[in-house]
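Work through the exercises below with the sequence and the structure open beside you. Try each task before reading its solution.

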Amino acid sequence: MMPRALRARLLLASLLLLPVFFGLTGFALQQAFHHSLEAAEEERLKLQLYLILGAAELQGDRIMIPDNLQEPRYAQVESGLYGFLHDRKDMLVWYSESAKLISDALVDELQVDGLNTGDSRFYRLPEQGVFVYQFALLWEISGREHSYVFTVLESDNQVKAEQKAFNARLWGWLGAAIFLFLLVETALIRWGLKPLTRLAEDLKRIELGQSDKLTGEYPTEVQAVTDNLNLLISNERLQRERYRNTLGDLAHSLKTPLAVIRGARQERLSFDEYQTLVTDQAGRMDQIVQYQLSRAVKSQGRTLAKKTPVAPLIERMVAALNKVYRDKNIAVSLTLDGDYQLPADERDLMELLGNILENAYKYGHSQVAVNCSNGGGMLQVDIADDGAGISPGLRQTILKRGQRADTSAPGQGIGLSVAVDILSSYDGELEIGESTLGGALFTIRMPLN
């Protein structure tokens with residue numbers, strides 16, 4: 001089972017990977033050292049063969065090699081260094097004193113054939129435990145040329161001993177290197193993960209109410225996380241504050257319609273008049289509740305929101321409004337060039353654009369125009385209608401953030417207050433002007449990034 005702690009995971013990965021890495025490294029070094037040993041052995045045997053060749057003398061029609069060579073091991077039986085001389089008929093012409101007790105099977109394995117004059121050959125007989133170096137030459141005796149093959153054998157015990165000693169040292173050092181590497185890596189992992197430990201401690205202090213946000217400097221990779229966490233914490237606190245404010249606003253807003261209903265009992269109203277008054281006030285209370293709920297549950301901020309395509313959203317809402325207001329036969333002009341996307345919650349955009357588009361359908365006579373454009377990194381959405389428009393004196397009043405329904409411009413409802421509230425949380429803005437169609441022009445601007 002994979003451990004949950006990052007430190008344990010990194011150490012486990014190192015325990016799995018380090019032996020493989022150092023194992024391959026050790027194997028490569030072993031092979032390199034082995035090849036160097038064989039190359040050195042070949043050079044030694046070549047020198048030994050030249051020593052025998054230099055001592056060879058011609059006596060009559062035969063080649064004679066003295067028993068006392070400069071290398072004393074040739075005179076010692078089973079010394080581990082042996083010399084042989086074969087003619088081209090594979091006949092053994094001479095062998096050193098040290099080879100007297102050597103097995104016939106080993107002599108038979110010597111590859112005398114296949115060498116041209118002047119060629120040399122080096123190989124190993126693992127089963128016999130010897131290295132072999134051979135050299136072919138042409139010797140003129142009594143006017144006739146004779147081919148000979150000089151052979152030098154040496155036991156591989158020394159090479160094996162050196163290889164074994166090297167392997168012991170190599171794996172000892174590699175084992176120590178793995179242990180040291182793990183110690184250093186443990187310290188580095190602890191040091192590298194220290195910001196995460198500090199982050200957990202800071203979060204614990206926030207949970208205990210000892211701090212309001214994550215403080216201090218963090219590495220670049222962690223700083224983005226802490227910034228988003230601080231934003232999340234701030235938005236959560238703002239949301240709770242919004243809930244409290246909304247409950248207070250809702251209670252305060254409902255006082256007026258409730259007072260009107262209670263006061264109607266003291267007035268001499270007919271049943272129909274009283275029913276109409278109660279119906280109107282109930283509708284007003286429903287509007288207030290819906291507005292306050294919209295303020296309470298809408299998204300806060302844009303940093304954590306994913307991007308939402310604007311054009312498809314507008315097209316869906318226009319299609320729905322065409323069905324709702326089919327009796328008015330509104331002619332809609334859409335200019336939605338560009339694949340614009342806003343870093344905003346889709347529900348907020350639907351609430352924002354839906355309220356303003358519905359106003360255009362509701363108060364326009366027969367035409368509505370929607371245009372999207374990019375201006376200095378801001379998406380601008382112009383929604384125009386051919387209705388009566390909004391007088392300049394009321395334009396600033398109805399755009400005040402959190403405007404109450406009972407103080408909104410007549411006929412505009414509370415939708416504009418919700419729209420302004422949403423835009424404020426995304427650093428956007430809303431302007432009201434006069435459209436070329438003769439009615440109102442609502443201009444929405446929101447950052448594209």
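Two residues are in contact when heavy atoms of theirs lie within 4.5 Å. The model used here is a predicted one.

**Exercise 1. Describe the chain as a whole.**

Task: State how many helices and strands the protein chain has, what share of its residues is buried, and what share of its contacts is long in sequence.

Solution.
Step 1. Count the elements: there are 10 helices and 14 strands in the protein chain.
Step 2. Apply the cut-off for burial, under 20% relative accessible area. By this rule, 39% of the 449 residues count as buried.
Step 3. Take the contacts with a separation of 6 or more; residues 24 or more positions apart account for 62% of them.
Step 4. Turn to the surface: its accessible area is about 26100 Å², and carbon and sulfur atoms hold 55% of that.

**Exercise 2. Lay out the sheet.**

Task: Give the strand order of the open sheet of 5 strands, and explain why β9 and β13 each have one side without a neighbour in the sheet.

Solution.
Step 1. Read the order across the sheet: β9-β11-β12-β14-β13, with mixed pairing.
Step 2. Look at the edges. β9 (331-335) and β13 each have a single partner strand, so one side of each has no neighbour in the sheet.
Step 3. Check the twist: on average, neighbouring strands are turned by 15 degrees against each other, direction ignored.
Step 4. Examine one pair. β9 and β11 run parallel and are joined by 5 bridges; Thr335 stands opposite Asn371 in β11.
Step 5. Add the helices. α7 packs on the sheet, where it touches β9, β11 and β12, and its direction makes about 180 degrees with that of β9. α8 also packs on the sheet, touching β9, β11, β12, β13 and β14, at about 170 degrees to the direction of β14.

**Exercise 3. Find the largest nonpolar core.**

Task: Which element gives the largest share of this core?

Solution.
Step 1. Note the size: the largest nonpolar core has 41 residues, and Ile314, Ile356, Val381, Ile444 and Met446 have the most contacts inside it.
Step 2. List contributors. Elements giving two or more residues include α7 (311-324), α8 (346-363), β12 (378-385) and β14 (440-447).
Step 3. Pick out the largest share: α8 supplies 7 residues.
Step 4. Follow one residue. Beyond its neighbours within four places in sequence, Met446 is in contact with residues including Leu342, Leu352, Leu379 and Leu423.

Technical notes
Residues numbered from 1 in each chain as written. Predicted model: local features only at pLDDT ≥ 70, side-chain atom pairs only at ≥ 80, totals over all residues. Heavy atoms only, no water. Core = buried A, V, L, I, M, F, W, Y, C linked by side-chain atoms within 4.5 Å. Buried < 20%, exposed > 50% of the residue type's maximum accessible area, 1.4 Å probe, protein only. Helix = DSSP H or I, 4+ residues; strand = E, 2+ residues; numbered from the N terminus. Areas by Shrake-Rupley, 256 points an atom, 1.4 Å probe, with all protein chains shown as cover. Pairing = 2+ DSSP bridges. Axes fitted to C-alpha atoms, helices over the stretch in contact; angles between N-to-C directions.
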